[in-house]
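Visitor: I am new to this structure. Please show it, and then I will ask about its parts.

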Amino acid sequence: MFDQKTRRALFLIAFGVCLYAAMMHLDVVLGALSAAVDIFFPVLLGLGFAFVLNVPVSGMERLLHRAVGLLPEGRRPGEGAITMASIVLVLIAIAGGAVLGVTMLVPELIASARTVAPLLAERLPEIEESLAANGVDVEKLAQFFQGAGASSATAAAGSGAQGLLNLGLGSIASSVFAAARSTISVLSSSVFAFVIAVYVLASKCTLGRQVNRVMDAHLAPGHAARIRHVASLATDTYSKFLSGQCLEACILGTLIFLAFSLFRLPYAGLIGFLTALFAFVPYVGAFASCAIGAFLTLLASPEHALLCVIVYLAVQFIENQFIYPHVVGSSVGLSALWTLIAALVGGKLFGIVGIVFFIPIVAVLYELFRQWTNARLAEREARGGAAAR
């Protein structure tokens, strides 16, 4: 009916009208987007789980393919059986690691709670005296927190440092109900998302073929090839990032545990586990685990608090200088400056999740910009050579 040029002009006009209407009713558009995200949140979360789990599942598939290659031709399973076996083995490994971590952590947490709570109560007078000596009015501090949201019953529980302790316990107790209520919703969404992720992983080959057919049917060959290139680059970059971070977290947690045990510092196992857990959050995780370790050591053995910080920072320095570059290094292709910028921007936008995932995202954008720049330079050089001839 219309030629290519007319259709493009009509499309641009329609797009401009829709964009103008959306900007004039931005609150309605944002509300509709928020409602859609709430409805499809389990699906989106499941796709996120599938993207994360695809890294170990793909690695397990490669291992199983190598093992299957050693079997006779007639006894080799199909591609679907290998994928399902990889998913099951990865889930078993994750569940086993979680059980092992809980088995190691829960006794340590119980022992820590039994020792930290009496130590905190015992040192409350010292803390109150120290605050008073530095010009801090503990009574006004307690009244400030009470006015910030404590109930009258909690406010009457006490004053001074003991009042602050009772206030904190009351605040925790009052938030348990709200946390339990929201936990049910989160758990139900997580269960549905996990089931969706398993189905996506089990049928990823079929889904991949379907997506390729849709792109080949409705997109220009150049655009489809560009989308495949970006998807492949994103998957490869995230795979390297996750693998490197997992190995680096295990190494760092082990080093912290060994160093604390060598210097006979308290809570070596707990701090080592927290260090490994927080290592997945670049920059922020190191400071958080160091602060927690110093606080626990200050309660249990104040004379070793400074030694705890020195040992922790020394291990972090050695790991960052000699181990991290070889384990993770330039796996995502970013320098330290761009990694820090990615972590800061991601943290401002999406909190902890943004800090973790923005690094591979920025790495993909950086690589795409690098390839585009190199292509433009090569094209300019080719034009210059042709003009010279």
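Visitor: Where in H3 does the kink of about 40° lie?
Guide: This is a predicted model, in which local features need pLDDT of at least 70, side-chain atom pairs count only at pLDDT 80 or more, and totals for chains, interfaces and linings use all residues. Residues are numbered from 1 along each chain as its sequence is written, and side-chain values use heavy atoms, leaving out hydrogens and water. Helices are DSSP runs (H or I, at least four residues), numbered from the N terminus, and a bend is the angle between axes fitted to the seven residues ending at a residue and the seven starting there. The kink comes shortly before the proline Pro-56, at Asn-54.

Visitor: How far apart are the end C-alpha atoms of helix H3?
Guide: The expected span is 1.5 Å times one less than the number of residues. For the 28 residues of H3 (residues 41-68) that gives 40 Å, which agrees with the end C-alpha separation of 38 Å.

Visitor: Which helix supplies the largest share of the largest nonpolar core?
Guide: A nonpolar core joins buried (under 20% relative accessible area, 1.4 Å probe, protein chains only) Ala, Val, Leu, Ile, Met, Phe, Trp, Tyr and Cys residues through side-chain atoms within 4.5 Å. This core has 18 residues. H9, H10, H11 and H12 each supply at least two of its residues. The largest share, 5 residues, comes from H9.

Visitor: Where does Pro-266 lie?
Guide: Among the residues Pro-266 touches (heavy atoms within 4.5 Å) are Phe-260 and Thr-297. Its C-alpha atom is separated from that of Ala-305 by 9.9 Å. Pro-266 is in the loop between H9 and H10.

Note on methods. Buried < 20%, exposed > 50% of the residue type's maximum accessible area, 1.4 Å probe, protein only. Lists of a residue's contacts leave out its neighbours within four places in sequence.
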